[in-house]
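Reader: I should be grateful for a close look at a single part of this model. Please take one element and describe it in a connected account.

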Amino acid sequence: MNTPSVELRDVTKHFATAIAVNRVNLTIARGEFFSFLGPSGCGKTTTLRMIGGLETPDSGDILINGERVNEIPPYERNVSTVFQRLALFPHLTITENLAFGLKIQHQAYDVIQEKVAATLELVHLPGLQDRYPDQLSGGQQQRVALARSLVLEPEVLLLDEPLSALDRKLRKEMQVELRRIQREVSITFIYVTHDQKEAISMSDRIAIMKEGKIVQVGSPREIFERPRTAFVADFMGASNLFSGQLIERNGKRYLKTQSGLVIQVPNSDESPHSQDQQLLALRPEAIGIFRKDQNPPTENSFAGRVLDRAYLGEMLEFEVLLNGTERVRIHSHSRSPADEILVDEEVLIGWDANSASLLREE
Amino acid sequence: MSVVRSLGRASLPGLLGLVYLFIYAPLFILMIFSFNTAGNLAWWQGFSLEWYEKLLSYDQLWKSLRISLMVTGTAVILSTVIGTLTAYALYRWRFWGKRLFEGMLYLPMYIPEVVLGISLLVFFIFLGMPRGILTMILAHVAFTIPLVVLVVLARMQRIDWTLEEAAMDLGADELTTLRRVTLPLLFPGIMAAAFLAFPWSFNDFVITYFVTSPGNAPLPVLTYNLILGAKRSGAMGMINALGTLMTVAALLLPLVAVLLLRVRRFSLPGLHLLRKKRA
């Protein structure tokens with residue numbers, strides 16, 4: 001059994017009176033691309049900084065490569081951080097920036113030159129060695145920051161929203177690059193972001209954090225398709241929530257809402273641990289919307305009235321009122337029959353029962 | 001409206017010219033008359049370098065220059081070090097009474113120099129310290145520190161302190177971080193502070209006058225002594241020459257500083273930050 005790369009045991013951290021990180025337990029395997037995802041102030045950056053040694057936990061243990069590192073200062077930990085603000089040394093050239101850590105390790109001149117060149121190659125940044133950081137573009141600075149950490153060949157690379165300053169197109173490009181580089185160096189990457197799409201597209205596993213606690217850990221698919229709490233569901237974009245009671249009919253489970261809707265629940269083996277109020281989450285794009293004269297293909301369909309429609313570029317967003325009280329948000333392709341549906345029109349909506357997910361109480 | 005505006009536009013260069021005339025005319029008159037054969041300002045008799053010869057062969061001048069350089073040199077180094085450390089403490093740490101402390105630091109800049117001078121004099125007498133080089137240095141350190149703190153603090157406010165964390169993250173301990181990152185980044189600010197404090201200290205007359213002894217006159221005090229003498233003899237020539245030399249020196253100092261910074265790859269860490277950014 002391999003020792004995990006990073007292990008957090010009951011890690012807690014307070015700032016003044018507020019609790020930033022609350023009893024976090026986590027194991028991150030070697031070579032994993034692991035993301036902390038959550039809104040600002042959820043404790044994800046603090047957790048990362050504690051792994052890097054820039055903050056000390058109030059209680060609990062942090063293990064890197066099986067060794068407890070609580071009291072070890074950042075400069076003696078075999079981890080390296082790519083900061084949100086990059087923090088490239090403005091008074092040093094790109095080569096000097098990369099060589100900074102190697103010089104402190106008293107590596108030989110030839111070795112330093114060789115490693116710097118190889119790392120610049122790895123991040124696709126040749127020919128800029130003698131420039132200063134302020135002479136590079138945002139994307140290039142990004143690569144330098146990454147290279148400066150990678151050149152030290154750390155056990156773990158910590159990335160604190162490193163792409164947040166880039167524009168959308170460059171960000172996409174760097175996301176692909178980061179994955180490629182991670183595969184090539186096979187170092188454990190721990191990534192902090194508030195962007196769910198970024199986390200989903202890059203990570204092997206994701207931990208969703210809220211108010212200092214981890215609310216769900218799992219593969220991108222698990223988290224996207226099977227959110228466990230209303231918070232995760234909402235954060236991952238499953239913005240439709242139905243609340244009601246579970247009932248059984250003909251061996252199938254249904255959720256009966258207060259307004260009287262009877263919605264089929266996915267037949268998963270996970271049984272909810274209470275019989276009281278249950279929440280069902282549903283992604284807007286999982287729902288089909290049809291005119292009255294069309295035949296909705298699913299058994300799980302309901303009549304409603306369109307309250308609002310908006311054009312969002314590649315898709316349309318509808319808000320539909322069911323049973324006079326339940327508002328449902330629906331996304332469908334702009335170039336689909338749904339495009340003909342107008343506000344105030346009576347429609348039918350429906351979805352595959354398995355695309356919804358039953359939430360656990362928080 | 002437009003008449004007023006165009007009038008204003010037309011008169012602006014004239015007005016500006018008057019302002020500059022007002023500032024520089026006295027200096028030019030002093031400079032011109034330093035080459036006058038007659039030792040007064042009443043009329044022009046002819047060009048000569050007589051007063052410069054007299055001045056440069058005047059032993060007291062060289063002694064005063066030595067004293068001035070020693071006092072200012074020592075005081076500027078001391079106040080730059082102390083001021084930088086103070087600024088660092090004020091910027092990085094929070095402590096009880098910080099605001100009061102910061103306010104009190106700048107207070108001397110608003111107190112009349114005469115009052116500062118006399119209070120320093122009383123203080124040194126109280127301590128039983130004989131007036132001389134040491135008391136001058138102490139006084140100069142005292143009144144240049146606020147300036148250094150102001151300038152260095154301004155620089156600190158523009159520094160990204162994540163850089164210190166980044167250095168530690170890359171393996172540098174506290175001392176290495178200070179040496180390799182913090183100081184090089186602060187260096188332009190520290191240099192600017194020193195360049196500002198230098199003329200403040202070098203040119204100071206009022207405070208210095210109170211804390212020096214008759215045998216230890218730095219240049220401004222020597223100038224004053226010469227003026228007192230000239231009042232009796234009417235010989236202003238040497239004073240004009242000294243004034244001219246001091247003005248030229250005062251203009252050369254920032255020029256030298258700028259030139260130093262222009263030299264490419266002048267090997268001081270952090271210096272390129274001071275230079276104009278290349279596109």
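Author: Two residues are taken to be in contact when heavy atoms of theirs lie within 4.5 Å. The model is a predicted one, and the part chosen here is helix 3 of chain A, residues 109–122.

The length of the helix may be considered before its surroundings. At 1.5 Å a residue, the 14 residues of helix 3 of chain A should span 20 Å, and the C-alpha atoms at its ends are indeed 20 Å apart, so expectation and model agree.

The next matter is burial, for which the cut-off is under 20% relative accessible area. In helix 3 of chain A, the residues that count as buried are Ile112(A), Val116(A), Thr119(A), Leu120(A) and Leu122(A). Viewed down the axis of helix 3 of chain A, these buried residues fall within an arc of 150 degrees, and they therefore line one face of the helix. An α-helix has 3.6 residues a turn, so residues three or four places apart point the same way.

The buried residues of helix 3 of chain A have three packing partners in that chain: helix 2 (94–104), helix 4 (138–150) and helix 5 (168–185). The other side of helix 3 of chain A carries the exposed residues Asp110(A), Glu114(A) and Glu121(A), exposed here meaning over 50% relative accessible area.

Finally, the chain beyond the helix deserves a remark. Helix 3 of chain A is followed by His124(A), and the phi of His124(A) is positive, near 60 degrees.

Definitions and conventions
Residues numbered from 1 in each chain as written. Chains lettered and ligands numbered in written order. Predicted model: local features only at pLDDT ≥ 70, side-chain atom pairs only at ≥ 80, totals over all residues. Heavy atoms only, no water. Helix = DSSP H or I, 4+ residues; strand = E, 2+ residues; numbered from the N terminus. Expected span 1.5 Å × (residues − 1). Buried < 20%, exposed > 50% of the residue type's maximum accessible area, 1.4 Å probe, protein only. Arc of directions from axis to C-beta.
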